[in-house]
Amino acid sequence: FKNLTVGFDSLFDQISSLSDFEAPSYPPYNIRKIGNDGYELEMALAGFSKSDVNVEVKEDTLTVSASKEGKDEENSFLHRGIAKRSFTRKWTLAEHLEVKDAELKDGILLIKMKLNLPEEKKAKTIKIK
């Protein structure tokens, strides 16, 4: 696409640097598009409470992190299949994408976002005279 655009050099450099990056797989998540301008991020956070989880938006980055305070007695588990380890996940947000809400229910963190394009950025039809 570089030969079809002007002024996007730094964007292509950023994307190129991400190609060498291996994203962590914990915790699992889904990203869903809702209608024309809505997005939802769902994260599976079994075993975490609201007080364990932090959702932060700074500039164009959404960061979700959690740390599990206190440790269960390791000797009490015969099998431990539910991970409760600390994590930090980051996503780069598109320009004009606003994080509206975050809710933790039934082990799923749901973050709702909306794309708020200003009128001058929206498509418009030009009447031909």
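## Overall composition

Of the protein's 129 residues, 20% count as buried, a term denoting under 20% relative accessible area, with exposed meaning over 50% and partly exposed in between (1.4 Å probe, protein chains only). The structure is a predicted model, in which local features need pLDDT of at least 70, side-chain atom pairs count only at pLDDT 80 or more, and totals for chains, interfaces and linings use all residues. Residues are numbered from 1 along each chain as its sequence is written, and side-chain values use heavy atoms, with hydrogens and water left out.

The secondary structure comprises one helix and seven strands, arranged along the sequence as α-β-β-β-β-β-β-β. Helices (H or I, at least four residues) and strands (E, at least two) are DSSP runs, numbered from the N terminus. The protein exposes about 10,500 Å², of which carbon and sulfur atoms supply 51%; accessible areas come from the Shrake-Rupley method with a 1.4 Å probe. Among contacts (heavy atoms within 4.5 Å) between residues at least 6 apart in sequence, 50% join residues at least 24 apart.

## The three-stranded sheet

An open sheet of three strands has the order β3-β4-β5, with antiparallel pairing; two strands pair if DSSP finds at least two bridges between them. Strands β3 (53-58) and β5 stand at the edges with a single partner strand each, so one side of each lacks a neighbour in the sheet. From one strand to the next, the twist averages 15°.

Six bridges connect β3 and β4, and Val53 has Ala66 of β4 as its bridge partner. Six bridges also join β4 to β5, where Thr63 is partnered by Lys90 of β5. Side chains alternate along β5: Phe87, Arg89 and Trp91 point to one face and are buried, whereas Thr88, Lys90 and Thr92 point to the other and are not.

## The β6-β7 hairpin

Strands β6 (residues 97-105) and β7 (residues 108-115) pair in the antiparallel sense over eight bridges. They form a hairpin with two residues between them, and Asp106 in the turn has a positive phi of about 55°. Leu104 has Leu109 of β7 as its bridge partner.

## The nonpolar core

The largest nonpolar core (buried Ala, Val, Leu, Ile, Met, Phe, Trp, Tyr and Cys residues joined through side-chain atoms within 4.5 Å) has 17 residues, of which Met43, Leu45, Val53, Val64, Phe87 and Leu109 touch the most other members. At least two residues of this core come from each of β2 (38-44), β4 (61-66), β5 (87-92), β6 and β7.

Not counting residues up to four places away in sequence, Leu109 touches Leu41, Glu42, Met43, Leu45, Val53, Val55, Val64, Glu103 and Leu104.

Terms used:
Axes are lines fitted to C-alpha atoms, for helices over the stretch in contact, and angles run from 0 to 180 degrees between N-to-C directions.
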